[in-house]
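Hi,

Here is the structure I promised to send over. Have a look at it first, and then read my notes underneath.

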Number of protein chains: 2
Amino acid sequence: MREVAIVGIGMTPVDEHWDKSIRELAAEAVLLALEDAQRESVDALFVGNMLSGLISQQENLGALVADWTGLRYTEAIKVEAACSSGAAAVRQALIAVASGYIDSAIAVGVEKMTEARGSEVTAALATAADADYEVAHGVSFVALNALIMQRYMHEYGWQHAHFAPFSINAHANALTNPYARLREKIDEQDYAKAKMIAYPINLLDASPIGDGAAAVLLVPRETLRKNGKPIIKIAGSAAATDSIAIHDRKDPLWLRAAEISAKKAFSQAGVGPKEIDFFELHDAFSIMSALSLEACGFAQRGQGPRLALEGQITLKGKLPITTMGGLKARGHPVGATGVYQIVEAVLQLRGAAGENQVPDAKIGMTQNIGGSGSNIITHILVRE
Amino acid sequence: MREVAIVGIGMTPVDEHWDKSIRELAAEAVLLALEDAQRESVDALFVGNMLSGLISQQENLGALVADWTGLRYTEAIKVEAACSSGAAAVRQALIAVASGYIDSAIAVGVEKMTEARGSEVTAALATAADADYEVAHGVSFVALNALIMQRYMHEYGWQHAHFAPFSINAHANALTNPYARLREKIDEQDYAKAKMIAYPINLLDASPIGDGAAAVLLVPRETLRKNGKPIIKIAGSAAATDSIAIHDRKDPLWLRAAEISAKKAFSQAGVGPKEIDFFELHDAFSIMSALSLEACGFAQRGQGPRLALEGQITLKGKLPITTMGGLKARGHPVGATGVYQIVEAVLQLRGAAGENQVPDAKIGMTQNIGGSGSNIITHILVRE
């Protein structure tokens, strides 16, 4: 099993891209990653995507994107794991390069969502939940997360206002990220007054959908020489599932799949939570930030919001999270999100995150969550 | 890179399974594969599927199937490559086990199609074609294949009747396969009189859709001991893409992706077309059988039908194909088909194919085609 490094990254802004089809979005990110790596081709392409069939009436996305980027004949597939499709594609690319089956791979996450009506997007996103035992009862994806948040507040005694720092931090970081969808500063008052969606989740608890694509290019570490530039390795990668339906879980307030995948990734990388310099977590809803911090060992059970309230999650804090705006403010083009997280982690580790730079970042962690915690993939990246 | 063996297989009959949901179909095949391998769990699950989002309003199929089969918490994703999703899932499982990242994996292909209306299935299958440049013009998937067949007949001087042996052979082999969807003998007259769908493709040129699931369980070869039972290894595995839109190809009558992936698989296995004892090819339409035989080196360009007319493709011929009925008569539950092919190849190599046994089969080849030749995956299996 070979060590694998990320030598190219590319992404489009997350936005409403009315002028670009799904293949064009994906190709833009792929070509940027090739250019960044100063390469013209790769051996394989893994496309992370959740909704192209339902929203763009287009499957077979692997071959489509390969062809459109000038990689015709190159091996290519689509990987789907709901909102964790992006990280799943990166993990498949990693395994393929590590195995020796291929010598270079691109993982590109892409999603085009804003061309569909809101109700269509809501229905499409609900396919991440259990069609027979959750969606059949009329519950939407945000409503499922609202149930979790309400239970969490009841169980651990938190008020809605205690979740504000998660969203405020994400928006503050997005201000200086040109690829972010929502570059607007918000404060406690904005958060308190935001429009209710599904109690207790309001508009500023929820991440916005968007169109976008992000790509990473992977090669064996052994093929690289240190020429003064940092080498970014994938030191840990693990995935785990849980029941899709929340009611089937023993504890709906504990992300077991996050715990399993984080522990495996920590073990592979030979580090623990204390060594992590920043954490790109999956803040699709603010409650998910708290649950992720707890399951990964950064906070005690039920104490996730404390980290945020103490200011530890900002760029200058002990554990900066969502350093480029996170899902909340960079935006959440679902199948692309996991790759955005990794591209952003690479920027941090290269020291190329501009005003969003975490000082002397050496070890970064990303976590991409599919469904309401049913498919979770954790990566640890290290600057060598 | 470790050698990988198939130690468990399972499948459901291909049929209209009104009493089983998509998760139940998949679970049936997975549990049979576990039982066959005398194991209770695996490290990872790869679900090959094309249409669950469009037809069953269910994505996140990896986590869903893992949970339903008692493999909760196990790493699991869905892999999509149009009609080659099944073989793509097998290839991902193979790479994961070969890499050393995991020690055992199940690839399960599953599709549930017959609960949707015919027009919905036609629209869903068209997502394998180019939405913007083919489907936008109103062309269906069968119509695209009809264009290829008509051009082929014109270019090489074949009559429609010359394709009859492909369908007659498939139906003859399905007669004794209890898992086959169409267990009816047909002859030249039936073929000639069959209802026209899209000229020159008639009902007996086309494979039927269906519901079904098939699974294989993979482990490292090095963990197995020879106890009198044959060991079935994956000796070759390769994938390639082509443009999705047929009009973008230099030669629409040549399956370049089949040629590339077959050559790579031959090279890995250290064999050539002459060493292949049987070939499970992708006869979604009879024209595809001819094109596949040619691109893989079993027939000269434009001469695919000759092999069939000379009787070489039957169970007692020089190169038996579609030995259990193929897509044409076993049935074509699209995302599952590629795994059915591999399960059937394992039955042949184990000497467990009953009345369909190819005498002394030692080396088998399978080829799964996505789109009209845009994503093609070839496997070579060897009995040790």
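Below is what I found when going through the model.

Please keep in mind that this is a predicted model.

**How the two chains sit together**

Let's start with the symmetry. Chain A superposes on chain B by a rotation of 180° with 0.0 Å of shift along the axis, and the RMSD is 0.0 Å. The two copies are thus related as by a two-fold rotation axis. The same surface serves both copies, with 100% of the contact residues of chain A recurring in chain B. If you want a landmark for the axis, go to A:Ser99: of the residues of chain A, its C-alpha comes closest, at 1.9 Å.

The contact itself is built from 51 residues of chain A and 51 residues of chain B. On the chain A side, at least two residues each come from helices H2 (52-56), H3 (61-68), H4 (85-99) and H9 (256-269), and from strands S3 (75-80) and S8 (232-241). By class, that side of chain A has 24 nonpolar, 18 polar and 9 charged residues.

Strand S3 is worth zooming in on. S3(A) and S3(B) run antiparallel and are joined by 3 bridges. Look for A:Val79, which stands opposite B:Val79 in S3(B).

**Two domains in chain A**

The domain assignment splits chain A into domain 1 (4-117 + 210-223) and domain 2 (139-205 + 235-383). Their C-alpha centres lie 23 Å apart. Where they touch, domain 1 of chain A gives 35 residues and domain 2 of chain A gives 30. On the domain 1 side, the elements with two or more residues in the contact are strands S1 (4-11), S4 (105-111) and S7 (212-220), plus H4. The largest share of that side, 8 residues, comes from H4(A). So far as classes go, the domain 1 side has 23 nonpolar, 8 polar and 4 charged residues.

H4 of chain A therefore turns up twice in these notes: it supplies residues to the side that touches chain B, and also to the side of domain 1 that touches domain 2.

**A buried helix in chain B**

Next, helix H1 (residues 22-37) of chain B. H1(B) has 16 residues and reaches 23 Å from its first C-alpha to its last, close to the 22 Å expected at 1.5 Å a residue. Of those 16 residues, 12 are buried, so H1(B) is largely enclosed by the rest of the structure. Among the buried ones are B:Ile22, B:Leu25, B:Val30 and B:Leu34, but also B:Arg23 and B:Glu28. What do they pack against? The buried residues of H1(B) meet strands S1 (4-11), S2 (44-48), S4 (105-111) and S7 (212-220) and helices H2 (52-56) and H3 (61-68) of chain B. Right after H1(B) comes B:Gln38, with a positive phi near 55°.

**Backbone oddities to check**

- The peptide bond from A:Tyr199 to A:Pro200 is cis, with omega near 5°. A:Pro200 sits in the loop between strands S5 (196-198) and S6 (201-202) of chain A.
- In chain B, a cis peptide bond joins B:Tyr199 and B:Pro200, again with omega about 5°.
- A:Tyr73, in the loop between H3 and S3 of chain A, has a positive phi near 85° without being a glycine. A:Tyr73 counts as partly exposed, with 18 C-beta neighbours inside 10 Å.
- B:Asn60 also has a positive phi, near 60°, and is found in the loop between H2 and H3 of chain B. B:Asn60 counts as buried, with 32 C-beta neighbours inside 10 Å.

Cheers

Notes. Residues numbered from 1 in each chain as written. Chains lettered and ligands numbered in written order. Predicted model: local features only at pLDDT ≥ 70, side-chain atom pairs only at ≥ 80, totals over all residues. Contact = placed C-beta atoms within 7 Å. Helix = DSSP H or I, 4+ residues; strand = E, 2+ residues; numbered from the N terminus. Nonpolar A, V, L, I, M, F, W, Y, C, P; charged D, E, K, R; others polar. Pairing = 2+ DSSP bridges. Expected span 1.5 Å × (residues − 1). Buried ≥ 20, exposed ≤ 12 C-beta atoms within 10 Å, placed from the backbone. Least-squares fit on C-alpha atoms with pLDDT ≥ 70 in both. Domains from an automatic or database assignment.
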